[in-house]
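Got the viewer open? Let's take a short walk through some charged side chains, one selection at a time.

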Amino acid sequence: MSEVSAPVAPLSAVLGALQDPVRLEMVRRLANADGPVRCAALYDAINKSTATHHFKILREAGVIERLTVAGNTCQRLRRAELDSALPGLLPAVVEAANLDAR
């Protein structure tokens with residue numbers, strides 16, 4: 001079950017959400033996954049409350065949504081919505097982030 005998702009924000013807000021390295025890594029991990037991912041698998045080296053803050057910023061920008069899968073809180077990348085609102089942005093950002101992660 002997922003929450004009602006915010007619409008995808010304007011380009012400047014989405015880029016603002018993605019400019020932080022922690023949030024960019026969260027989106028990179030989600031993009032490389034085959035579906036929803038448990039929250040704890042999306043970050044390293046930060047505490048849970050900081051991660052919650054980053055998730056909130058990404059949700060408010062319309063980049064991700066929170067849902068519950070088998071009793072676990074997960075995040076899902078809103079690919080279709082992002083591609084519709086900002087064509088080509090997500091693949092370009094994820095490709096660059098994957099290159100940086102190597």
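This tour visits salt bridges in what is a predicted model. Searching the whole structure turns up seven salt bridges, and we'll stop at some of them.

**Stop 1: helix α2**

Select residues 21–32 to bring up helix α2. Now show the side chains of Glu25 and Arg29: they meet in a salt bridge, with N to O at 2.8 Å. These residues sit four apart in the helix, so about one helical turn separates Glu25 from Arg29. Switch on a surface and look at how far each one shows: Glu25 is partly exposed, at 23% relative accessible area, and Arg29 is partly exposed too, at 23%.

Keep that pair on screen and add Arg28 and Asp44. Together, Glu25, Arg28, Arg29 and Asp44 are linked in a network of salt bridges.

**Stop 2: helix α3**

Next, select residues 48–60, which is helix α3. Pick out Lys56 and Glu60, whose closest N and O atoms are 3.8 Å apart in a salt bridge. Here again the partners are four residues apart, so Lys56 and Glu60 are separated by about one helical turn. Is Glu60 buried or exposed? Glu60 is exposed, with a relative accessible area of 52%, while Lys56 is partly exposed at 42%.

**Stop 3: Arg76 and Glu81**

Finally, select Arg76 and Glu81. They form a salt bridge, and their closest N and O atoms are 3.5 Å apart. Glu81 is partly exposed, with a relative accessible area of 28%, and Arg76 is partly exposed at 24%.

Key:
Residues numbered from 1 in each chain as written. Predicted model: local features only at pLDDT ≥ 70, side-chain atom pairs only at ≥ 80, totals over all residues. Heavy atoms only, no water. Salt bridge = Lys/Arg side-chain N within 4 Å of Asp/Glu carboxyl O. Helix = DSSP H or I, 4+ residues; strand = E, 2+ residues; numbered from the N terminus. Buried < 20%, exposed > 50% of the residue type's maximum accessible area, 1.4 Å probe, protein only.
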